[in-house]
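Student: I am new to this structure and would like to look closely at a single part of it. Could you pick one helix and walk me through its surroundings?

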Amino acid sequence: MPGGEHGKKSAGGTFLFWRHLSHKEGKITLAGLNQETSAVGESGAAMFQKSWSIYDALSEKNYMHHREIYARVEEWLGQRGGEAYSILDLGCGNARFLAPCLKKHPPAMYVGVDLSAAALEEAKEHLGSLLHVALRQEEMVEALKKSKSRFEVIFSGYALHHLDAAKKVKFLTLCLERLAPGAALLLVDVVREEGESREAYIERYLEFMRRDWAEVPGHELAEACAHVQAHDFPETESALRGMGEKAGFARMNRLARFGPHQLWELQTEEKSRMGKG
Ligand SMILES: C[S@@+](CC[C@H](N)C(=O)[O-])C[C@H]1O[C@@H](n2cnc3c(N)ncnc32)[C@H](O)[C@@H]1O
């Protein structure tokens, strides 16, 4: 791998990978993230523990609009005007779709957090040419609690809906604490229709998967459906806005929407009252 790589297994079992392109210092700053391990195997990450292949196959087919959403993420990063920034990616998976955006707008530091060792192993390859990369196998709320660093951008793609409502608020509150002044949280996630129950949403989403995800092999589709049924807890727009407000974000803007697949920007600064973007 270009730039050299060092890996370490901490006493608690957390795998840590870091890269320093110049080879000079060896170990890079770990952005304040504690190296102690935390619970691995949270239910929402179960499908991603063994293998990354099912998710890779369905994102490759663009069933969850990764292409359009990440194109907007890339555009958003470009609008920062080339200012130096560090980015924390919570539930980073293999970073396959974020990596090309970062290559166009390279951060001074990228920290990726995920529970899946299989995904992190692949992330090392996808993030290959970036200068400073740290990957942590850790539960994302625990990682936020331990972090002492501030980031100009926090990103989280299709991971928040795995948390229950109380933990979502905790996640957002901790994100705000870890954001530098004027920084923003970019959130990609599935969102329920207003007034739609979780049960009705799951029924609708499973119907969509069985109808439209035609190129996913039957047994993998069944596994993906079981994962959604057991572990997806998306919020409605109003609930999400309420959570953002409770956490202390000043404003929430929806940047892209493809049915339930949406991209949100949560701003730290009080430019105006939080409202529809
Ligand atoms: C659907 S994948 C999304 C991957 C990538 N961010 C994307 O946008 O394509 C969700 C990822 O979140 C991780 N994940 C789920 N719950 C998590 C948690 N509580 N802490 C850390 N990672 C979690 C899973 O292991 C998985 O890699």
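Tutor: Here is a walk around one helix, then outward to the core and the strands beyond.

Please keep in mind that this is a predicted model. Our helix is α7, which covers residues 165-178. From its first C-alpha to its last, α7 reaches 20 Å, close to the 20 Å expected for its 14 residues at 1.5 Å a residue.

Let's see which parts of α7 are covered. Its buried residues are Lys168, Phe171, Leu172, Leu174, Cys175 and Arg178. If you look down the axis of α7, these buried residues fall within an arc of 165°, so they line one face of the helix. A general rule helps here: an α-helix has 3.6 residues a turn, so residues three or four places apart point the same way. On the other side of α7, you will find Ala165 and Ala166 exposed.

What lies over the buried residues? The cover includes the strands β3 (86-90), β6 (151-157), β7 and β8 (235-236), along with the helices α6 (140-146) and α10 (237-247).

Isoleucine 154 is a good place to stop next. Leaving aside residues up to four places away in sequence, Isoleucine 154 touches Cys175 and Arg178, and also Leu88, Leu90, Leu179 and Leu185. Together with Leu98 and Phe171, Ile154 is among the residues with the most contacts inside the largest nonpolar core, which has 58 residues. Strand β7 gives the largest share of this core, eight residues. In soluble globular proteins, nonpolar side chains tend to be buried together.

From β7 we can step on to its neighbour. Strand β7 (residues 179-192) is joined to β10 by seven bridges, and the two run antiparallel. One pair to find is aspartate 189, whose bridge partner in β10 is glutamine 262. Strand β10 itself, residues 261-267, is mostly covered, with five of its seven residues buried.

β10 also pairs with β9 (residues 251-258), again antiparallel and through seven bridges. Here arginine 254 stands opposite tryptophan 264 of β10. The hairpin of β9 and β10 has two residues between the strands, and in this hairpin glycine 259 takes a positive phi near 60°.

One last stop is strand β4 (residues 109-114), where you will find valine 111. Valine 111 counts as buried because 27 other C-beta atoms lie within 10 Å, and the cut-off for buried is 20 or more. Valine 111 is 22 residues from aspartate 89 in sequence, but their C-alpha atoms are 6.1 Å apart in space.

Terms used
Residues numbered from 1 in each chain as written. Predicted model: local features only at pLDDT ≥ 70, side-chain atom pairs only at ≥ 80, totals over all residues. Buried ≥ 20, exposed ≤ 12 C-beta atoms within 10 Å, placed from the backbone. Helix = DSSP H or I, 4+ residues; strand = E, 2+ residues; numbered from the N terminus. Pairing = 2+ DSSP bridges. Core = buried A, V, L, I, M, F, W, Y, C linked by C-beta atoms within 7 Å. Contact = placed C-beta atoms within 7 Å. Expected span 1.5 Å × (residues − 1). Arc of directions from axis to C-beta.
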